[in-house]
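Reader: I have the model open and want to go through its packing and the ligand shell. Can we start with the terms?

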Amino acid sequence: PFDVLVVGGGPAGASAAIYAARKGIRTGIVAERFGGQVMDTLGIENFISVKQTEGPKLAASLEEHVKEYAVDVMNLQRAKRLEKKDLIEIELENGAVLKSKTVILSTGARWRNVGVPGEAEFKNKGVAYCPHCDGPLFTGKHVAVIGGGNSGIEAAIDLAGIVKHVTVIEFAPELKADSVLQDRLYSLPNVTVFKNAQTKEITGTDKVNGITYIDRETGAEHHIELQGVFVQIGLVPNTDWLDGTIERTRMGEIVVDKHGATTIPGVFAAGDCTDSAYKQIIISMGSGATAALGAFDYLIRN
Ligand code: FAD
């Protein structure tokens, strides 16, 4: 059996695997797609000490770094079941069952899509999901934020300091964000809010040039010319397969303590699949390291 089996090969998983392997213990990593969300990212400018890089390049470096160590890398394999017996068992979609003394879950998350025409087509060509990452690309431009929950309104406030104008589009008749955020939003001069508005299409040629929405009260269709659309309707953790095992939040995020431990002894978690406050590469790597050290601590005590 493994001493540490990491499930997920994004920044959190890669970091966990390296930290575990450096303790000289038997380490494996299973990943559906090595690199994770980083593979879908164009420019990265906030991975501290690297001024600028590209997602696939960073993903290749992650894999290269992991392979410097005696880590058993199982790429293109999806885990479908976790069970704690004497050891912890991870069953893969291909039927294989891996056994380990400890497991680190780092299966990440995905942005919830609005699912309108133009969204997929213009991804990275004006359609963005991460204001901390891509906000500065829209300096001086007009952008829309889809979603009036906390993340949408935080994004709109953040972007209003960088871009020329922000239009918030909320489907429901009211914004769902905390009232302090709404107050802050409405105090800004360069923000417009449309409630009861259903996004119909993101338009463009080679990149985004506008958004079409339907006023749900009147049924009228409106088009706004702009250069960017931030979709902020939630992050979905890749944790469905853990149903009925460890404790998760209402949103499906794995609940961890400050050692990265979950509610099953020996099972740890890190990165975007957890209830960490913020979801970023550097934060995921930090929590991956924490979970690996937590797992090592657990091994020497049990
Ligand atoms: P992920 O990167 O999501 O990796 C999850 C891993 O788990 C993958 O290998 C996946 O294949 C695997 N997996 C999932 N389910 C299973 C399963 N059942 N079995 C086996 N493997 C599984 N952050 C920044 O700091 N800077 C940026 O500029 C930036 N830009 C971004 C741009 C985009 C378009 C996106 C989508 C995200 C961006 N982020 C950015 C956020 C950043 O990518 C994430 O915070 C980070 O990748 C999270 O790392 P993670 O390892 O927790 O999860």
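Author: Two residues are in contact if their C-beta atoms, placed from the backbone, lie within 7 Å. Helices (H or I, at least four residues) and strands (E, at least two) are DSSP runs, numbered from the N terminus. This is a predicted model: local features need pLDDT of at least 70, side-chain atom pairs count only at pLDDT 80 or more, and totals for chains, interfaces and linings use all residues. Residues are numbered from 1 along each chain as its sequence is written.

Reader: What do the buried residues of α4 pack against?

Author: They pack against α3 (131-134), β11 (142-146), β12 (165-169), α5 (179-186), β13 (191-194) and β17 (228-231).

Reader: And which residues of α4 are buried?

Author: In helix α4 (residues 150-160), Gly152, Ile153, Ala155, Ala156, Ile157, Leu159 and Ala160 are buried, meaning 20 or more other C-beta atoms lie within 10 Å of the residue's own.

Reader: Switching to the ligand. Which residues come nearest?

Author: Gly8, Gly10, Gly36, Gly108 and Gly271, out of 38 around the ligand; a residue counts as near if its C-beta atom, placed from the backbone, lies within 6 Å.

Reader: Which elements supply at least two shell residues each?

Author: α1, β2 (27-31), β9 (109-111) and α6 (281-301). By domain, the shell draws at least three residues from each of domain 1 (2-110 + 235-301) and domain 2 (127-231), with bounds from an automatic or database domain assignment.

Reader: What does Ala17 touch?

Author: Leaving out residues up to four places away in sequence, Ala17 touches Val6, Thr27, Ile29, Val66 and Val71.

Key
Buried ≥ 20, exposed ≤ 12 C-beta atoms within 10 Å, placed from the backbone.
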